[in-house]
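The exercises that follow ask you to read the helix packing and the nonpolar cores from the coordinates, and each is followed by a worked solution. Please look through the structure before turning to the solutions.

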Amino acid sequence: MKSKNVATDSAGQPSRDERLWRALQDTHLRVAEQVEFSQQIQRGRVWVVIYDPVRNLSYKTTPEIHQLLSSLSGELTLREILARRPELTKIFADQSAALHTLAQLLESGLLQGDLHSDYAEEIAKHRDKQRALGQMRWQRPWMLKLPLFNPDTQLDGLYRKTWFIWTRAGLAVWIFTIVVAAVLLLDHFSHLQQFWATRFLDPVNLVLLLLVYPCLKALHELAHGLTTKKWGGQVYEVGLMFLVFMPVPYVDASASARFPSKYQRMLVAASGVMTELFCAAIALFVWLASDNVLVRDICLNIMIMGAISSLLFNGNPLLRFDGYY
């Protein structure tokens with residue numbers, strides 16, 4: 001297959017797409033051995049997820065690109081494959097999009113081959129740049145991500161003990177609890193307002209707020225991890241994010257991106273907010289039953305963070321948190 005037009009940059013040199021196309025035509029490409037493929041349907045359109053279980057990386061692409069990747073065994077060059085299977089040439093109707101996908105896979109190591117030295121050097125430069133960007137994160141202490149350990153084995157064991165939460169009976173209990181809490185909230189809203197006005201800005205309560213926040217977020221992230229385990233996903237990383245020096249736990253539940261059902265992916269994303277709402281409902285019950293000021297302060301903080309804050313931020317589809325995904 002030949003490119004109809006040779007694209008050039010402002011200096012009159014071949015563009016990156018053209019250089020890549022020249023490098024790929026006579027390259028023996030092959031998909032990395034560990035790569036797995038799975039199919040998804042999103043908004044009525046079929047997609048294929050390319051997943052690397054070793055590094056827990058995933059990319060979404062079209063069935064046409066998947067068809068091309070399936071033919072790359074490393075035995076033939078791309079030019080020879082397209083000559084033998086002309087139906088694959090339609091993939092390059094939008095050459096820029098196809099080449100962009102192949103470049104991403106090459107740069108991430110999911111696609112391998114004996115590339116022309118010039119483009120191999122370009123890929124090496126890109127990887128060096130990515131490593132440099134990773135090192136720069138340590139220079140921004142107000143937004144620092146600190147991986148701690150691999151929790152996959154522990155989550156497997158914990159899920160085996162808590163599997164019943166993800167059943168229809170568990171969902172029924174969650175709905176019943178939230179509905180009862182909503183009714184009680186309406187009945188006692190004026191009392192909550194009065195308690196808020198007198199206690200929320202108290203120095204003791206503000207200290208409690210700082211202590212309760214990471215604990216509640218730990219339950220939030222644990223829910224993401226356990227829901228990922230329900231459908232066989234791996235969770236290879238747990239750690240702390242420091243947002244303006246506030247430690248916030250996180251788990252890497254990105255394995256859910258390759259789940260075939262959109263309902264599975266939605267539940268993984270929603271499980272954190274659902275857990276916080278459940279905690280807020282239980283906190284309301286305890287707040288109504290207790291006369292201890294310290295206990296009521298803790299419950300008030302859980303209600304504020306688990307209901308109001310969680311819905312406004314994590315559940316907001318306009319922000320790049322759980323609701324967005």
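**Overview**

Of the 325 residues of the protein chain, 38% count as buried, and the model to which this value belongs is a predicted one. The chain has 11 helices and 8 strands. Among its contacts between residues at least 6 apart in sequence, 64% join residues at least 24 apart.

**Exercise 1.** Determine how helix 10 and helix 11 are oriented towards each other, and describe the contact of helix 10 with helix 11 by residue class.

*Step 1.* Helix 10 covers residues 262–289 and helix 11 residues 293–314; their axes lie 8 Å apart and form an angle of about 150°.

*Step 2.* Because angles over 145 degrees count as roughly antiparallel, helix 10 and helix 11 are roughly antiparallel to each other. The crossing in which helix 10 passes helix 11 is left-handed.

*Step 3.* On the side of helix 10 the contact includes Val 273, Leu 277, Ala 280, Leu 284 and Trp 287, while helix 11 contributes, among them, Val 295, Cys 299, Met 303, Gly 306 and Leu 311. Sorted by class, this contact of helix 10 with helix 11 has 16 nonpolar, 3 polar and 2 charged residues.

**Exercise 2.** Carry out the analysis for helix 9 and helix 10, giving their relative orientation and the classes of the residues in contact.

*Step 1.* Helix 9, residues 203–230, packs with helix 10 at an angle of about 140°, the axes being 8 Å apart.

*Step 2.* Since an angle from 115 to 145 degrees counts as oblique, helix 9 and helix 10 are oblique to each other. Their crossing is right-handed.

*Step 3.* Helix 9 takes part through residues including Leu 216, His 220, Ala 223, His 224 and Thr 227, and helix 10 through residues including Val 268, Gly 272, Val 273, Glu 276 and Cys 279. By class, the contact of helix 9 with helix 10 has 8 nonpolar, 7 polar and 2 charged residues.

**Exercise 3.** Identify the residues of the largest nonpolar core that touch the most other members, and find which element gives the largest share of this core.

*Step 1.* The largest nonpolar core has 25 residues, of which Leu 24, Leu 69, Leu 78, Phe 92 and Leu 111 touch the most other members.

*Step 2.* Two or more residues of this core come from each of helix 1 (16–25), helix 2 (63–70), helix 3 (78–84) and helix 4 (95–108). Helix 4 gives the largest share, 6 residues.

*Step 3.* Another core, of 17 residues, lies apart from this one and has Leu 216, Ala 281, Ala 283 and Ile 304 among its members.

Definitions and conventions. Residues numbered from 1 in each chain as written. Predicted model: local features only at pLDDT ≥ 70, side-chain atom pairs only at ≥ 80, totals over all residues. Heavy atoms only, no water. Core = buried A, V, L, I, M, F, W, Y, C linked by side-chain atoms within 4.5 Å. Buried < 20%, exposed > 50% of the residue type's maximum accessible area, 1.4 Å probe, protein only. Helix = DSSP H or I, 4+ residues; strand = E, 2+ residues; numbered from the N terminus. Axes fitted to C-alpha atoms, helices over the stretch in contact; angles between N-to-C directions. Parallel < 35°, antiparallel > 145°, perpendicular 65-115°, else oblique. Left-handed = near helix turned anticlockwise from the far one by under 90°. Contact = heavy atoms within 4.5 Å. Nonpolar A, V, L, I, M, F, W, Y, C, P; charged D, E, K, R; others polar.
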